[in-house]
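This briefing walks through one protein chain by topic, from its interior to its surface. Please keep the sequence and the model in view while reading.

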Amino acid sequence: MVGSPFEQFEIIPFLSFGSLGQNFAITNSSLFSLIVLCGAAGFFSFATGEARVVPNRYQVIGEQLYALVADVMKDTVGSRGAAYFPWMFATFSMIAFANLIGLIPYSFTITSHLAITFGFGMATFIGINIVAFREHGLRFFLFFVPQDVPVGLLPLLIVIELISYIFRVISLSVRLFANMLAGHALLKILAGFVWGLLSLGGLLALAHIAPFVGMLAVTVLELGVALLQAYVWTVLCCIYLNDALHMH
């Protein structure tokens, strides 16, 4: 029997710790968070551990990912963004590897949970605000004051600007969470449909070809979405960082 397409998102405890078991346990989410961290760190250590003038395929992938984030930061933030490159690159790598590892059968996609993506978003939001106040102090509040508008509209517009600024963290986290959740649920539904047709046997089993091809197409699409979402996250974070540095 094919289960619900949302079973793959359930948080399952693997190991509880004595009397703390009711409040503290290692779950599939925490386990795969560690796997993602070790996977990203291990890949880049392996790819760049013995760098060559003529790179191998792993070094090429690592360098291309490095150059991708570096180009985004240079085009969006400018030369002042170089100091924050490690932060952006680490976030990009974690999200990309989390999305890709989640495509492996019987694995777990940590970015399909709003708590995880909101944690990433909140950490980024807090970091950007720390940078903003370090650079501009209390002058950063002028960012919420639109220029060349009637004085009577200023209070309303300031509130709107402030709300839209706070909602940045929500837009970051919900966008990533919704894309991962919807894509993986669709894959599960198509896989269940194909399996159901195969179990019927006879000529009806041949009817699985169309949904099977569709499932393969969605899998390839999800592979692209996994990388695209990490890229979009990085672009948006760079835009927000540029606002914090230059108050544009």
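**Buried positions and long-range contacts**

Asn99 is buried, because its relative accessible area is 0%, and this residue is found in helix H3, which covers residues 85–101. The model is a predicted one, and the points below follow its fold, its interior, its empty spaces and its surface.

**Overall fold**

- The secondary structure of the protein chain comes to seven helices and two strands, and from the N terminus on the elements run in the order β-β-α-α-α-α-α-α-α.
- Of the 248 residues in the protein chain, 37% are buried.

**Residues far apart in sequence**

- Asn99 of helix H3 lies 7.4 Å from Leu227, C-alpha to C-alpha, although 128 residues separate the two in sequence.
- Thr234 is found in helix H7, which spans residues 209–246, and Thr234 counts as buried because its relative accessible area is 2%, where the cut-off for a buried residue is under 20%.
- Thr234 and Phe92 are 142 residues apart in sequence, yet their C-alpha atoms are 6.1 Å apart in space.

**The second largest pocket**

- The second largest pocket has a volume of about 190 Å³, and its lining is made up of Phe43, Tyr58, Ile61, Leu65, Phe92, Ala96, Phe97, Leu100, Ile101 and Leu227.
- Helix H2 (57–76) and helix H3 each supply at least two residues of this lining, and the largest share, five residues, comes from H3.
- Two of the lining residues, Phe92 and Leu227, also appear in the pairs described above, Phe92 with Thr234 and Leu227 with Asn99.

**Enclosed cavities**

- How many cavities of 30 Å³ or more are counted? The count comes to two cavities, and the largest cavity holds about 60 Å³ of space.
- The largest cavity is lined by Gly121, Thr124, Phe125, Ile128, Asn129, Tyr165, Arg168, Val169, Leu172 and Tyr240.
- The elements that give two or more residues to the lining of the largest cavity are H4 and H6, and H4 gives the most, with five residues.

**Aromatic pairs**

- A search of the whole structure finds 20 aromatic pairs, and ring pairs link Phe125, Phe133, Phe140, Phe141, Phe143, Phe144 and Tyr165 into a cluster.
- Phe125 and Tyr165 belong to this cluster, and both of these residues are also found in the lining of the largest cavity.

**The nonpolar surface patch**

- On the surface, Leu114, Phe118, Val159, Leu162, Ile163, Ile166, Phe167, Ile170 and Val174 form a nonpolar patch, with about 720 Å² of accessible area together.
- Helix H4 (114–136), helix H5 (154–166) and helix H6 (168–200) each supply at least two residues of the nonpolar patch.
- Which helix gives the most to the nonpolar patch? That helix is H5, with four residues.
- Leu114, one of the patch residues, has its place in helix H4, and Leu114 counts as partly exposed because its relative accessibility is 37%, which falls between the cut-offs of 20% for buried and 50% for exposed.
- Helices H4 and H6 therefore take part in two of the features described here, since they give residues both to the nonpolar patch and to the lining of the largest cavity.

How values were computed. Residues are numbered from 1 along each chain as its sequence is written. This is a predicted model: local features need pLDDT of at least 70, side-chain atom pairs count only at pLDDT 80 or more; totals for chains, interfaces and linings use all residues. Side-chain values use heavy atoms; hydrogens and water are left out. Rings of Phe, Tyr and Trp (its six-membered ring) pair if their centres lie within 6.5 Å; planes under 30 degrees apart count as stacked, over 60 as edge-to-face and the rest as tilted. Patches are made of residues with over 30% relative accessible area and no salt bridge: like charges are joined within 9 Å, nonpolar side chains (Val, Leu, Ile, Met, Phe, Trp, Tyr) within 5 Å. Accessible areas come from the Shrake-Rupley method with a 1.4 Å probe; for residues, only the protein chains shown count as cover. A salt bridge is a side-chain nitrogen of Lys or Arg within 4 Å of a carboxyl oxygen of Asp or Glu. Buried means under 20% relative accessible area, exposed over 50%, partly exposed in between (1.4 Å probe, protein chains only). On a 1 Å grid over the protein atoms alone, a cavity is a set of points where a 1.4 Å probe fits but cannot get out, and a pocket is an open set with protein on both sides within 12 Å along at least five of seven lines; lining residues have an atom within 4 Å of a point. Grid points are joined across faces, edges and corners, and a volume is the space filled by probe spheres set on the points.
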